[in-house]
Amino acid sequence: MEFIKKLVEKKGPEESDYDALHLEIERIGSMLDQPSPAILYGDLLDIISPVLSVETMQGFAFHKPHGYSGDYEIIDKIYRNWKSTQEDLRRWDEFFHAQQAPIAVRNRKRFFLDTLESCKDDGDELRVLNVGSGPGRDMLEFFQKYPDTDISFDCVDYDKESIAYASELCSTYLDRIRFFHKNVFRFTPDRKYDIIWSAGLFDYLDDRKFVYLLVKLRAYLATGGRLIIGNFSNRNPTRKYMELFGKWFLYHRSEQELAALAKAAGVPEEQVTVYCEPLGVNLFLHLGHA
Ligand SMILES: C[S@@+](CC[C@H](N)C(=O)[O-])C[C@H]1O[C@@H](n2cnc3c(N)ncnc32)[C@H](O)[C@@H]1O
């Protein structure tokens, strides 16, 4: 705790402090997991509260100005490597972005873009369902690179502000994007899809809801289509930092757990593959032909 206190006093960690800070966060997290911990979470909060301003990435995560974890704004700040302009806070944002979890989030956007690129020339107009679509930065980058593509996207998001933000960001390409302001659990599409993509949603669902939604979405796949679901791996080394500094809790899952959930949803084993981004921190349950 003393170490973290010193970092708060000296305006945040320098790169040379990262390993020690990471170890200290792990140590505190493990202590707090004990049945009768020698310290309280409130003790840590007392120390870090000055650097949990909503003007920092970790403070934004902690205070959840949109009312829930993983909103479109923080995700887009992760994509843009956003850092506070305030001198006494900026180093905390540099630390945030250097963690494996935000890097994995940026990698998962790359994974989606690679998937789209790999099938953009597959012939007929490709239809994508983007579930929990968030800021739309992924679609923007795709359209900017392939402005004449005939891939089209249907986006479902239950946050009105998220849809407004993505519509604005992708305003040039709205001829190929439809937005549905809906809770995906109550969404019934009017067509079937070649690709159904969902990242940053299933890792907020317990196993029962996960399987329910998987069954529901799979029914919207066109013949030969594929469904890809992102989920943080249980090997996420940033987990304790996210939980302690950001109150950002996820259902972390292993490859085997994801495959078991697909099985529970009635998907034949030969249609199931689990991929990951380069760090192995974000997994992708892939249903369909590998
Ligand atoms: C973590 S963000 C991920 C955004 C985007 N998929 C990405 O990776 O850039 C999750 C998004 O899912 C939306 N969301 C969460 N639960 C949802 C639900 N049940 N129905 C529709 N949207 C949901 C949130 O509003 C948020 O915009």
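1. A cavity, as the word is used in this note, is a set of grid points where a 1.4 Å probe fits but cannot get out. The structure under discussion is a predicted model, and with that in mind the count comes to two cavities of 30 Å³ or more, the largest of which holds about 40 Å³ of space.

2. The lining of the largest cavity is made up of Q58, A61, F96, Y241, M242, F245, G246 and W248. Two elements, α4 (57-63) and α11 (239-246), give two or more residues each to this lining, and α11 supplies the largest share, namely four residues. By class, the lining of the largest cavity divides into six nonpolar and two polar residues, with no charged residue among them.

3. For the second largest cavity the volume is likewise given as about 40 Å³. Its lining consists of F60, A61, K64, Y68, S69, G70, D71, I74, G246 and W248, and here the classes come to five nonpolar, three polar and two charged residues. A61, G246 and W248 appear in the lining of the largest cavity and also in that of the second largest cavity.

4. Turning to the open space, the largest pocket holds about 720 Å³ and is lined by 45 residues, with G70, A199, G200, L201 and Y204 lying nearest its centre. G70 also belongs to the lining of the second largest cavity, while A199 is named among the closest residues to the ligand.

5. As to which elements build this pocket, at least two lining residues come from each of α5 (72-79), α7 (100-119), β1 (127-131), α8 (137-145), β2 (152-157) and α11. The helix α7 gives the most, with five residues, whereas α11, which contributes to the pocket as well, is the element with the largest share in the lining of the largest cavity. By class, the pocket lining has 25 nonpolar, twelve polar and eight charged residues.

6. The ligand sits in the largest pocket, where 20 residues surround it, the closest being Y79, G132, D157, V184 and A199. Sorted by class, this shell has nine nonpolar, seven polar and four charged residues.

7. The polar contacts of the ligand deserve a separate point. A nitrogen atom of the ligand is 2.9 Å from a backbone N or O atom of V184, a residue that is also listed among the closest to the ligand, and a ligand nitrogen atom lies 3.1 Å from a polar backbone atom of Y158. On the side-chain part, an N or O atom of R108 is 3.2 Å from an oxygen atom of the ligand. Taken alone the ligand exposes 600 Å², and the protein buries 95% of that.

Conventions. Residues numbered from 1 in each chain as written. Predicted model: local features only at pLDDT ≥ 70, side-chain atom pairs only at ≥ 80, totals over all residues. Heavy atoms only, no water. 1 Å grid on protein atoms, 1.4 Å probe; cavity = no way out; pocket = protein on both sides within 12 Å on 5 of 7 lines; lining within 4 Å. Points joined across faces, edges and corners; volume = space filled by probe spheres on them. Nonpolar A, V, L, I, M, F, W, Y, C, P; charged D, E, K, R; others polar. Near = heavy atom within 4 Å. Polar contact = N/O pair within 3.5 Å; in protein donor to acceptor, adjacent residues only side chain to side chain. Areas by Shrake-Rupley, 256 points an atom, 1.4 Å probe, with all protein chains shown as cover. Sits in = over half its atoms within 2 Å of the grid points.
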